[in-house]
Amino acid sequence: MRGFSFLTGTTLKKRCQHAVFDSRLLPAAFVIVPIMCCLPGPIAGAEPSRPSPSETSTAPEHPASQQLTLTPSASRPPVRWLREAEEMAAPLRIICYHPDGVVADRAMARAIARIHQLNAIFSDYDPTSEVRRLCETAGTGKKVQVSDDLWQLLTFSLKISEQTAGAFDVTIGPIVRLWRRARMSREMPPAYRFDEARQAVGYQFVRLYPEDRAVELLRPGMRLDFGAVAKGYAIDAALKVMRQEGVPSALIDLGGDLGLGESPPDRGHWSVAVAAMKPGEPPSYFVRRARCGIATSGDRYRFVVIGGKRYSHIVDPRTGVGLTDQSEVTVIAPNATLADALATAVSVLGPERGLAWVDTFPDAAALYLRLVGDHTEVHTSKQWKELSGETPDAQP
Ligand code: ADP
Ligand code: MG
C-alpha cells in the first residue's frame, strides 16, 4: 500500500481548512491530518480506510474477511484500518495499521469493549456506575473497596488536585451538576445552592485505604467527577489493548482527545492539527508525534450564556463559577491521562501559573490560546516547539 504522503507547509494547511469545515469533524478539537479528507463515514466494522481523492493506493478495497490468510501476514504490507463508534458520549475513532484485517478488527473491537467497560466504572450519568455507587456512601462512614481502574484514576486525580492546590479537583461533582442544570435552564443557580454544593467539594475529604484498595468519602453529598480525565484514561487503556493484540501502530481519538501509538509504517509520526480559536479560521499549530497523548480543554462546545456572559463547563472550584475566559488549552504528554488532566488544570490555572507548572513535567508541553476581543492570544510552555515537532505556520 502506498500510504498517505506526508503533508507539509501550505498543503497541510489547506487540507486542514477543508477538514475543519467538515461537519463530522467539528466536535473534535483535533483534526487528524492524513485521515481527515478521506473518512468514508461511519462504518460498522473494520475496513481499509480509503485515501483522499488526490491520492492513489494499492490498498485492498474488499472487506477484511476476504483478505484472510492467502499470504502469511508477516510478508504482507500493513494496511490502514478505521473503525468508528460512540463511547463515553463522544465520537470514537480508531485508526491502525496491520497487514491482517482480522487481527486489526479484533484488536479494535477489544479496545472499544475496554472503553465501554471503563464507562461503566466512571460514568457520572449512569446511576449504576461504580463511581455513582461509591458516591451514594458519602458521609455514611463506610469505606468501599474499589476496582483497580477506579483506584488508579482516583489516586492519580488526587495527586493532580494536590499539586494544583484544588484548581483541579476530582470532587467537583456537586458544582458541575449545578452548572449542568444551568446549561439547560439558562439561569444562574441561586447563591445558596453554590454554598451548599461547595460544602461537599474538597479533594482533602477523600480518605484512601491503600492496604484494602478502599475509599471513604467523608462529607455527605460528595460526588467524584472524572469528566476531566476519564477519556484520557480510556484512550490509554484502549491503546494498551491494541498493543497487546499485536497492533501497536494505532491512533485513538475519543471526542478530540488523542492517544498516539507507534507511528504509521510509512512515516515517522502521526500528524495532528490544532483547531483555531475562531470558527472558520484555519489551524496554525500542528503536532507531529508518535507514542504520546494529546488533549484539548476549552469551552468551544460546552458553555452557557447567562446575562450576556459566557460560562465554560470547566469551573474554578475556589469560586464555583464556570470559567469566563474563552480559551483552549492543548497539552502533549507521555500519555493521554496526563494530557487530559493537565489540559483541564491549566485552563483553570491560567497561562502564567499553568504553563509554568507544565514546565515541571519532563515530557509535557502546552499551547494556550485565548480569545481576547477579536484577537487570539498565544502562550506556549517552554517545550511546546520541541515536543510538537512543529513551529507555528503563522501567528494567529
Ligand atoms: P472535555 O470533556 O471537553 O474534554 P475536559 O477534559 O477539560 O473537557 O473536562 C471537563 C470536565 O471536567 C467537566 O465537564 C467537568 O465534568 C469536569 N471539571 C470541570 N471543572 C473541573 C475542575 N476544576 N477540576 C476537575 N474537573 C473539572
Ligand atoms: Mg481534561
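**Entry 1. Shell of ligand 1**

I sorted the shell around ligand 1 by class and got nine nonpolar, four polar and six charged residues. I note that the model is a predicted one. The count of residues surrounding ligand 1 is 19. I listed the closest as Asp 225, Ser 297, Arg 302, Val 315 and Thr 344.

I then asked which element gives the largest share of this shell. I found that helix H9, residues 336-349, does so with three residues.

**Entry 2. Polar pairs with ligand 1**

I looked up N and O atoms of the protein beside those of the ligand. For Ala 167, a backbone N or O atom lies 3.0 Å from a nitrogen atom of ligand 1. For Asp 169, I have a polar backbone atom 3.0 Å from a nitrogen atom of ligand 1. For Asp 340, I have a polar side-chain atom at 3.0 Å from an oxygen atom of ligand 1.

I next checked how much of the ligand is covered. On its own, ligand 1 has 570 Å² of accessible area, and the protein covers 93% of that.

**Entry 3. The largest pocket**

Which pocket is the space taken by ligand 1? I find that this space is the largest pocket. I recorded its volume as about 1,200 Å³.

I counted 44 residues in the lining of the largest pocket. Nearest its centre lie Gly 227, Ala 228, Lys 231, Arg 302 and His 313. Arg 302 is also listed among the closest residues to ligand 1.

By class, I have 23 nonpolar, ten polar and eleven charged residues in this lining.

I went through the elements as well. At least two lining residues each come from strand E4 (90-98), helix H3 (101-122), helix H6 (173-185), helix H8 (230-244), strand E12 (292-298) and H9. The largest share is four residues, and I traced this share to H6.

**Entry 4. The second largest pocket**

I recorded a volume of about 290 Å³ for the second largest pocket. Its lining has 19 residues, and closest to its centre I find Asp 236, Ala 237, Leu 239, Lys 240 and Arg 243.

Which elements give two or more residues to this lining? I noted H8 and E12. H8 gives the most, with eight residues. I also have H8 and E12 on my list for the lining of the largest pocket, where each supplies at least two residues.

By class, I wrote down eight nonpolar, four polar and seven charged residues for the lining of the second largest pocket.

Notes: Residues numbered from 1 in each chain as written. Chains lettered and ligands numbered in written order. Predicted model: local features only at pLDDT ≥ 70, side-chain atom pairs only at ≥ 80, totals over all residues. Heavy atoms only, no water. Near = heavy atom within 4 Å. Polar contact = N/O pair within 3.5 Å; in protein donor to acceptor, adjacent residues only side chain to side chain. Areas by Shrake-Rupley, 256 points an atom, 1.4 Å probe, with all protein chains shown as cover. 1 Å grid on protein atoms, 1.4 Å probe; cavity = no way out; pocket = protein on both sides within 12 Å on 5 of 7 lines; lining within 4 Å. Sits in = over half its atoms within 2 Å of the grid points. Nonpolar A, V, L, I, M, F, W, Y, C, P; charged D, E, K, R; others polar. Points joined across faces, edges and corners; volume = space filled by probe spheres on them.
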